[in-house]
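Trainee: Let us go through the ligand site. I will ask for the reasoning behind each term.

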Amino acid sequence: MVIRSALLNVMMAAARKAARSLLRDYGEVENLQVSRKGPADFVSSADLKAEKTLRAELKKARPGFGFLLEEGGEVAGDDKSQRWIIDPIDGTTNFLHGIPNFCISIALERDGELVAGVVYQPLGDEMFHAEKGAGAFLNERRLRVSARRKLEDTLIATGIPFHGRPGHEVFLKELAAVMPTVAGIRRFGSAALDLAYVAAGRCDGYWEAGIKPWDIAAGVVLVRESGGYVTDYDGGSRMLDTGEIVAANDHLHQSLLRLLKTARA
Ligand code: LIP
C-alpha cells in the first residue's frame, strides 16, 4: 500500500473527477467522426469542461495557489510561490480522432521548481504520479526507468511538427540521425504520456521541440523521480522556457543529447 501525501491525493482526486466527463465526451467523439462538421468544436468544449473541473477542485483544496492553464492561461494566486501547471487533455489530436492515447496532466511548481506531477490516462485507468524525493509510481507500483545501455536496443518516443508548426527541416535532420541508431521510434501524440512511458521504462527516451510547459511539467517530475534525466537541448533545465526536451534513462541521456546536437549542427 503506497502512502501518498495529502498534496498528491488532492491532485489525483481532481484528475479522476475531470476524467469522468472526459470519458463521456470521448465516447461521443467517436460518433462525431462521421458528422460533416466533425468533432473539433465538441473537443474544445470537452477541453474547457475538464479544465474548469480541475481548476475548481484544485482551488478548493489549495485556495491561494496560482495556475498556468493550457486554455485559461496564467492566473495569479495570493501565494506567489506556488502554481498549478495544467493540461486538461494532452493528446488533443488523438482525442479528436478517437485514438485512445490522451491524458490529464497536473504539475505543481513551488518557488520555480517542479515538485509534484500527476499524469492520468483515464481509458486505461493508469495514474502516473510522483513527488520530489518520494519516487514515481504507476497506480501502486514503483517506477524505474529502463536499464538499457545501448542505443541500438532502445525504443525512443518523439513529437513530429505538422501543418502550422515550425521546425520541419531540423526535425528531419534529428530523425535521420536517430533512426539508424535505435531499435524503434514512436510518435504517440502526447508529451505527458511519452514522459510517463520513459519513467515506466516502456520507452528508453523521448525528445521533442516546440512543446508547451503544460505538456511536459508533470512528466518531468515522473522521469526525475524514476531515476531518469530530463534536460533542454543544451543539457540545462530550461525545458519549460525553451520548449525543447530530451529525457532518457541515466545510461543513455548524454548519448541521445549528443546525437541530436550533432544532427542540428
Ligand atoms: C500535444 C503534445 C504532443 C505534441 C503535439 C501537441 P496537446 O499537446 O502533447 O507531444 O507533439 O503537437 O502539442 O496539444 O495535445 O495538449
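Trainee: Which residues are closest to the ligand, and how many surround it?

Mentor: 15 residues surround the ligand; the closest are Asp-90, Gly-91, Thr-92, Ala-191 and Glu-208. A residue counts as near if one of its heavy atoms lies within 4 Å. This is a predicted model: local features need pLDDT of at least 70, side-chain atom pairs pLDDT 80 or more, while totals for chains, interfaces and linings use all residues. Residues are numbered from 1 along each chain as its sequence is written, and side-chain values use heavy atoms, without hydrogens and water.

Trainee: What makes the pair between Asp-87 and the ligand a polar contact?

Mentor: A polar side-chain atom of Asp-87 lies 2.8 Å from a ligand oxygen atom. A polar contact is a pair of N or O atoms within 3.5 Å, so this pair qualifies. A backbone N or O atom of Ile-89, 3.4 Å from an oxygen atom of the ligand, qualifies too.

Trainee: What are the classes in the shell?

Mentor: The shell has four nonpolar, four polar and seven charged residues. Asp, Glu, Lys and Arg count as charged, and Gly counts as polar.

Notes
A polar contact is a pair of N or O atoms within 3.5 Å; within protein, one must be able to donate a hydrogen and the other to accept it, and residues adjacent in sequence count only if both atoms are side-chain atoms.
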